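Thank you all for coming; I would like to go through one model this morning, first its charged pairs and then its empty spaces. Please have the viewer open while I talk.

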Amino acid sequence: MTHAHQACLNPRCGATYDVAEILTGCPACRSLLDIRYDWDKIAVPKSLSVFEKRWSNRLQPLDFSGVWRFRELLPFAPPDQIVTIGEGQTILQRNDRLGNQLGMKANRLFLQYEGLNPSGSFKDNGMTAASTHAHMVGAKMTACASTGNTSASLAIYAGVSGLFQCVVFVGSGKIAYGKLSQALDYGARTLQIRGDFDDALARVREICEQHPIYLCNSVNPFRLEGQKTIMLRVLEGLNWEVPDWIVVPGGNLGNCSAFGKAFEELRMLGLIDRIPRLAIINASGAHTLEQLVNQHDLTWNDGELDQTKIAAYFQSMDDHKERANTLASAIEINRPVNLEKALRAISICDGVVRSVSDQEIVDARATIAASGFGCEPASGATFAGVRQLRAEGLIGADDRVACVLTGHQLKDPDLTVAYHTTDEALRAKKLTPNGVTETPHANSPVVVDNSISAIMEALNLPAASVPK
Ligand code: F0G
């Protein structure tokens with residue numbers, strides 16, 4: 001017995017459903033669903049520091065998990081049904097080198113490095129929660145559409161737990177090999193749909209509505225419960241102080257939605273006294289949220305949002321045959337499923353949305369990597385976004401900023417190598433079509449003959465400098 005239920009996001013509908021129901025949206029009005037709790041019946045610790053003490057109990061799998069360590073804040077599952085593989089061992093890294101480059105004071109810029117998760121991206125925070133719910137309801141088959149990371153994550157949970165089969169839908173030719181290789185290795189049945197991510201997601205939703213297959217995309221509200229804990233670990237890394245800004249890439253908008261919900265709940269529970277501002281960064285080739293918010297003034301409006309603006313925007317995309325297009329393949333999404341929840345998060349967190357070009361993304365990614373944290377291009381959008389918000393004066397030199405690096409560098413090594421290479425053909429194939437013409441942070445490999453003298457020449461070593 002848990003004190004949780006599913007609730008329709010649309011205030012005009014307000015339908016609620018049992019936590020044991022398998023739903024991909026509100027059956028009454030098709031809106032998104034939220035997980036809500038009867039907090040007055042739940043024994044939530046009085047102080048956040050209680051969660052930190054659980055580190056010392058790490059032989060207990062729930063205390064070891066960086067998600068379930070916070071279980072009283074996502075209490076939808078009986079503890080004996082939780083599916084965990086030790087996810088969420090991620091850290092908040094202070095990075096003054098990056099902060100300095102943007103004229104920020106010391107101890108102000110932080111990177112929440114989610115690439116350290118078992119499948120190499122933040123998705124594991126959500127997938128442990130979705131897998132737990134799938135287990136609770138006895139699902140035998142799970143599915144997702146993916147630009148790569150969701151499929152890698154789902155596949156690892158299905159593979160390690162052995163509780164269910166899984167099938168993943170990916171857009172053909174749109175997935176980086178580092179991610180595809182994981183789904184294949186972990187044994188997921190992999191369908192390459194002739195289309196892009198938006199197509200793959202539409203098809204998998206149809207299949208899951210019509211067949212007993214459990215959907216694990218972020219339209220699944222249980223996934224977002226797990227992703228709330230990324231913010232708990234940010235707070236923990238700051239000794240439970242609230243930063244001024246959280247900066248996150250926006251694709252399907254699950255993360256930003258989860259973050260907004262997390263902060264609203266924490267404030268309501270009296271565990272924090274203020275909420276940080278949220279900056280959601282789109283790629284300019286996949287900027288639906290940024291356009292709707294900044295050009296069409298779309299707001300949450302207490303759930304009474306103007307659906308005609310969304311419909312008109314999607315219609316105009318269709319009329320112009322506009323498909324998402326960015327080198328940050330993880331966020332190459334034009335029809336973000338969590339759009340409405342993201343608007344709610346913006347309202348909760350006094351948030352802003354910005355878009356950055358592929359040139360800015362790949363340069364920012366290389367800059368972050370050069371400061372010691374390899375991440376994939378989508379994560380690079382965060383630093384590019386901070387740069388823009390600093391230039392606008394919105395983020396101050398003294399503000400404390402946490403950028404969420406959502407995925408590991410080795411997810412997309414092809415793009416990294418293309419950035420650093422001097423091979424013009426490779427650059428022309430990988431970078432130029434997306435408008436990336438400069439690579440100011442390139443660290444190109446040097447080709448030398450297989451001889452000591454050639455190596456010494458390449459290293460500028462005088463003959464006499466070799467110690468005897
Ligand atoms: N960063 C990475 C590394 C991702 O893989 C994704 C989403 C995002 C950011 C966007 O996050 O949807 O919460 O706004 N990747 C999905 C996938 C779409 O299929 O792996 P969001």
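How many salt bridges does a search of the whole structure find? The search finds 27 of them, where a salt bridge is a side-chain nitrogen of Lys or Arg within 4 Å of a carboxyl oxygen of Asp or Glu.

Before I go further, this is a predicted model, in which local features need pLDDT of at least 70 and side-chain atom pairs count only at pLDDT 80 or more, while totals for chains, interfaces and linings use all residues. Residues are numbered from 1 along each chain as its sequence is written, and side-chain values use heavy atoms, with hydrogens and water left out.

Let me start with helix α7, residues 197–210; helices here are DSSP runs of H or I with at least four residues, strands are runs of E with at least two, and both are numbered from the N terminus. Asp199 of this helix pairs with Arg323 in a salt bridge, and the closest N and O atoms are 3.2 Å apart. The two residues sit 124 residues apart in the chain, since Arg323 belongs to the loop between α12 (307–319) and α13 (339–349). Asp199 has a relative accessibility of 24% and therefore counts as partly exposed, the class between buried, under 20% relative accessible area, and exposed, over 50%, with a 1.4 Å probe and protein chains only. Arg323 is also partly exposed, because its relative accessible area is 44%.

What, then, of Asp198, which is found in helix α7 too? Asp198 is buried and has no salt bridge, and the nearest side chain of opposite charge is Arg323, 4.8 Å away; for charge, Lys and Arg count as positive and Asp and Glu as negative, with His and the chain ends not counted. Leaving aside neighbours within four places in sequence, Asp198 is in contact, meaning heavy atoms within 4.5 Å, with Arg323, Ile333, Asn334 and Arg335.

Arg335 in turn forms a salt bridge with Asp318, at 2.6 Å from N to O. Here Asp318 is in helix α12 and Arg335 in the loop between α12 and α13, 17 residues apart. Asp318 is partly exposed because its relative accessibility is 41%, and Arg335, at 29%, is therefore partly exposed as well.

A further pair is Lys261 and Glu225, whose side chains meet at 2.7 Å, N to O. This pair joins helix α10 to helix α8 across 36 residues, and both Lys261 and Glu225 are buried. There is also a network of salt bridges that links Asp34, Arg36, Lys341 and Arg344.

Now to the empty spaces, with their definitions first. On a 1 Å grid over the protein atoms alone, a cavity is a set of points where a 1.4 Å probe fits but cannot get out, a pocket is an open set with protein on both sides within 12 Å along at least five of seven lines, and lining residues have an atom within 4 Å of a point. Points are joined across faces, edges and corners, and a volume is the space filled by probe spheres set on the points.

The structure holds five cavities of 30 Å³ or more, and the largest has a volume of about 290 Å³. Its lining counts 26 residues, with Phe122, Lys123, Gly251, Asn252 and Ala330 nearest the centre. Two or more lining residues come from each of α5 (149–161), α8 (221–227) and α10 (254–268), and α10 gives the largest share, three residues. By class, the lining has nine nonpolar, 14 polar and three charged residues, where Ala, Val, Leu, Ile, Met, Phe, Trp, Tyr, Cys and Pro count as nonpolar, Asp, Glu, Lys and Arg as charged, and the others, Gly among them, as polar.

Which residues lie closest to the centre of the largest pocket? That pocket has a volume of about 980 Å³, and of the 33 residues that line the pocket, Thr24, Arg30, Arg205, Val219 and Val337 are the closest to its centre. Helix α7 appears again, giving the most to this lining with seven residues. The lining of the largest pocket divides into 19 nonpolar, six polar and eight charged residues.
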